[in-house]
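Please open the model in your viewer and keep a selection panel at hand. The stops below go from the interior outwards along the chain, and each begins with something to select.

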Amino acid sequence: MMRRKLLVEALHDPGPDYSSHTNAKSDLAMEKLVVNLFSRPRLAASAAKSRFMAFVKSSLPLADQMATYDWKLFGEDLIAAVTVAFVLLPQSIAYAGLAQVDPIQALLSAIFPPVLYVFFGSSRQLSIGPEAMVSVVAGSAIIDYMENNPGTAYTAPQIASALALVVGLMCILLSIMRAGFIDNILSGYLLTGFILGGASLIMVEQLPELLGIDVDLEAQESTINMLIATYHHLGNVKWAVAAISLVNVAFLLGFNHLKHKFGKKIVWLGRAPEILILVVLMIGLSAGLDFHGKGIAVLGTFDNKIKMPSPPPLKFELLKKLIEPAMTITLNGFIECQTVTRDFGLKNGYFPSGDQELFAFGFINFVSAFLGAYPTFGSLPRSRILAQSGARTTLSNAMAGVFVLVALLTMVPVLQHLPRSTLASIVFVAALGLIDTKEIAFVFRLRCGVFVIHRLWSCILTSPQTNQSSPPTTAGLGLKSQCFLQLT
């Protein structure tokens, strides 16, 4: 009986309930499906927001900088801006002669481009404004056009602004083409000959002003002919002017030597603006001793009125003749700026994009062309001053531009006493600083014979001439490209 009862119970036992387990798994899967359906839009929106913020940070580097900006950073930027502004001001006036433009146009190039660079520029220690090599190439292009087109209706300032427009468009085009890598191909050896030739031209051009002599140089004179013509006029040297120039050059070189030797140990010495100190001293001496009355040339008064924005000449006949000097300016200016940008970027923990910098330079030159400026890039010596003075963001550039604007509107009566020989001394020392003697010596040790002659001939071909500069520059760039390929 007992066995029969157990068998009946076994037959009627339904066994374990697997249906409840299956239902639980089904409910869990449904729950995951619902969560995915509702969370997917949020995830997509979050990803889109992340991509948008990355785009903003890459396109507008200032937005990333301002995220952590505070009063401490503002104070550091302010001090750096004041320091570099008082270097930028006299340098701009001095470089006006190289670019064959009026001082007001050079000062406008020191006001608007630094402010505009803030919007798209990513190098926090790059000092924007007139630069020696860019100025001399621009001046050569202006003289070249005016000599080859006598009776032209365009003035030098108009041609300079048109050149800035072409440079701006060229930089923007290169940025769109993702050509920010170009500095990796054309840097180093490629620019050595060009910079050496340009610096030599700048220094030789300053000799008449340094010695106080009048040399009537023909427009087609080369650097060597300029030097020979200056030598033939040595009998007319104004010794008072020569003495002032000698003291000014010695002061700048000596101060620079002291800064390099003791600047890290003595903080105030490392940050001291030697150009500003020299300018203040010479203005005081000139006004007190009446240099102008004693026959020593001074800057004099100049127009400091800022005109309303107007477009530069847009005639195709003019613009097409500015393409080649614009390319030279673009390559030289961009490569020098990238050298500064990468150096300070590595030291300060940021990594600027070459394409972004190209767009920034294109933007500032294009817009500044409508504001009366001439081609503008960054300056290596001023950038070092800006970095040593404690600049932390690109706002220091904008502040420096504002300070130059205030000085332009208020300090013309003071600046008129500045001796022209002092301006020539500033330019002379700046050009001397462009020559990298260590790299030149390295090339001579590394390669000799035919290659050295090759390099020297490249230097001669690429020295910016005061007339007909385009064909030699083109040939020289091609020759130096061959040198670069040999080195690599």
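In this predicted model, begin by selecting I202, I329, F361, F377 and V404, which touch the most other members of the largest nonpolar core, a set of 113 residues. If you then colour by helix, α4 turns out to give the most to this core, with 14 residues. A second core, separate from that one and made up of five residues, includes I213, V215, A229 and V237. As general background, nonpolar side chains in soluble globular proteins tend to be buried together.

For the whole chain, switch to a cartoon view: the secondary structure comes to 24 helices and two strands. Of its 488 residues, 50% count as buried. Among contacts with a separation of 6 or more, 84% join residues that are 24 or more positions apart.

**F361 and the two cysteines**

Return to the core and select F361, together with what it contacts beyond four places in sequence: Y117, L126, I128, C171, F334, C337 and F377. Two cysteines appear in that list, C171 and C337, and they deserve a stop of their own. What is the distance from the sulfur of C171 to the closest cysteine sulfur? The closest one is in C337, at 9.3 Å, which is too far for a bond. Because a disulfide is counted here only when two cysteine sulfur atoms lie within 2.5 Å, this pair at 9.3 Å does not qualify. C337, for its part, is in no disulfide, and the count for the model comes to zero. Both cysteines are buried nonetheless, C171 with a relative accessible area of 0% and C337 likewise at 0% relative accessibility.

**Helix α8**

Next, select residues 156–176, which form helix α8. Its 21 residues should span 30 Å at 1.5 Å a residue, and the end C-alpha atoms are indeed 30 Å apart, so expectation and model agree. Most of α8 is covered, with 15 of the 21 residues buried. Beyond this helix, look at R178, which follows α8 and has a positive phi, near 60 degrees.

**N365 in α17 and S135 in α7**

Now move to helix α17, residues 354–369, and pick out N365. Is N365 buried or exposed? Its relative accessible area is 1%, so N365 counts as buried. Show distances here, and you will find the N365 side chain reaching the backbone nitrogen of T376 at 2.9 Å. Leaving aside neighbours within four places in sequence, the surroundings of N365 consist of A164, L165, V167, G168, Y374, P375, T376 and F377.

Keep Y374 displayed and add S135, which lies in helix α7, residues 132–148. Not counting residues up to four places away in sequence, S135 touches Y95, L98, A99 and Y374. S135 is buried as well, since its relative accessibility is 0%.

**Helix α14**

Select residues 274–289 for helix α14, whose 16 residues should span 22 Å at 1.5 Å a residue; the end C-alpha atoms are 22 Å apart, which agrees. Within this selection, highlight the buried residues E274, I275, L278, V279, M282, I283 and S286. They cover an arc of only 160 degrees around the axis, which puts them on the same side of α14. An α-helix has 3.6 residues a turn, so residues three or four places apart point the same way. Bring in α4 (71–99), α12 (239–262), α20 (412–415) and α21 (420–434), the helices against which the buried residues of α14 pack. Then rotate to the face turned away from the buried side, where the exposed residues V280 and G288 are carried. Just after α14 comes D290, whose phi is positive, near 55 degrees.

**L207 in α10**

For the last stop, select residues 189–211, helix α10, and find L207 within it. With a relative accessibility of 22%, L207 counts as partly exposed, because the limit for buried is under 20%. Which residues does L207 touch, once those up to four places away in sequence are not counted? They are L227 and T230. If you also mark M226, 19 residues from L207 along the chain, the C-alpha atoms of the two are separated by 9.4 Å.

Definitions and conventions
Residues are numbered from 1 along each chain as its sequence is written. This is a predicted model: local features need pLDDT of at least 70, side-chain atom pairs count only at pLDDT 80 or more; totals for chains, interfaces and linings use all residues. Side-chain values use heavy atoms; hydrogens and water are left out. Helices (H or I, at least four residues) and strands (E, at least two) are DSSP runs, numbered from the N terminus. The expected span of a helix is 1.5 Å times one less than its number of residues. Buried means under 20% relative accessible area, exposed over 50%, partly exposed in between (1.4 Å probe, protein chains only). The arc is that of the directions from the helix axis to the C-beta atoms. Contact means heavy atoms within 4.5 Å. A polar contact is a pair of N or O atoms within 3.5 Å; within protein, one must be able to donate a hydrogen and the other to accept it, and residues adjacent in sequence count only if both atoms are side-chain atoms. A nonpolar core is a set of buried Ala, Val, Leu, Ile, Met, Phe, Trp, Tyr and Cys residues joined through side-chain atoms within 4.5 Å.
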